[in-house]
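Please look over the sequence and the three-dimensional structure shown here, and keep both in view while reading the paragraphs that follow.

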Amino acid sequence: MKRKLYFISLSLLIFFLFVACSEKIGTIPENYSYNYDNYLEYDYMKKAGDTEGSFSFKYPKGWVVEKLPAWEATSEKEASPDWGVELYKEGDKENKITIVGIVGGVPVDKSRENEWGKQGFQKSQLVVGNVKRGEVYSGIVENKVKIVVLYYDKDNPPRFESGWRLEAHAQVDKQFYNKNKNKIWHILASVKKIE
């Protein structure tokens, strides 16, 4: 009997620790109205081998955009498998959004989706103007809001894309998220491939 109570207590403790470490956040509702009047536009132009990897997004004034290191193929090494940018509010590089193109043709790994589920992330759709633009995985882990957006290629879910896929990853403090929630979702909703 003591052993059974021990395992029940241990199971409850693990459950409560999991709940305490991973909370859910609300995403922007489907009918959310985006207004980009005070936003700048950024075009990232990239050619990786035979893959054109260009994308664009909008971001608010007072935010900084930095290119991530990427390289072309040489006889000694392959081209970088991903490329993109980091965005952050001026003076606050700890709270950032990363937008990346990733060479693929390889399906989005189901184990990643399962891992996000284990962390308590909720899955939803990014809907802009009644158009499904991507899959969103979001949650709060160790007081950090984490959001992953897998953008659809035309009308196809990301796991069926070929060539390259487009993703965004936001990792910000909970307090920063609460103050900048609308700006973060405006940025994420504006990301698109340049065809």
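A polar contact is a pair of N or O atoms within 3.5 Å, and within protein one of the two must be able to donate a hydrogen while the other must be able to accept it. With that in mind, the side chains of Asn-180 and Lys-89 can be described as joined by a polar contact of 3.3 Å. The model in which this pair appears is a predicted one.

Asn-180 belongs to helix 3, which runs over residues 174-190. Is Asn-180 buried or exposed? Its relative accessibility is 3%, and because buried means under 20% relative accessible area, Asn-180 counts as buried. When the neighbours within four places in sequence are left aside, Asn-180 is in contact with Trp-63 and Lys-89.

The loop between strand 10 (131-141) and strand 11 (144-151) offers another place to look, and Glu-142 lies in this loop. Asn-143, too, is placed in the loop between strand 10 and strand 11. Glu-142 has a phi near 50°, which is a positive value in a residue other than glycine, and for Asn-143, also a residue other than glycine, phi is positive with a value near 65°. Glu-142 is exposed, with a relative accessible area of 68%, and Asn-143 is exposed with a relative accessible area of 51%.

Some care is needed when reading the model as a whole, since confidence is part of the picture. The protein chain has an average pLDDT of 77, and 70% of the residues score at least 70. Over residues 3-22, however, pLDDT stays under 50, and for these residues the model has 9 contacts beyond four places in sequence.

Key: Residues are numbered from 1 along each chain as its sequence is written. This is a predicted model: local features need pLDDT of at least 70, side-chain atom pairs count only at pLDDT 80 or more; totals for chains, interfaces and linings use all residues. Side-chain values use heavy atoms; hydrogens and water are left out. pLDDT is the predictor's confidence in each residue, from 0 to 100. Contact means heavy atoms within 4.5 Å. Helices (H or I, at least four residues) and strands (E, at least two) are DSSP runs, numbered from the N terminus. Buried means under 20% relative accessible area, exposed over 50%, partly exposed in between (1.4 Å probe, protein chains only).
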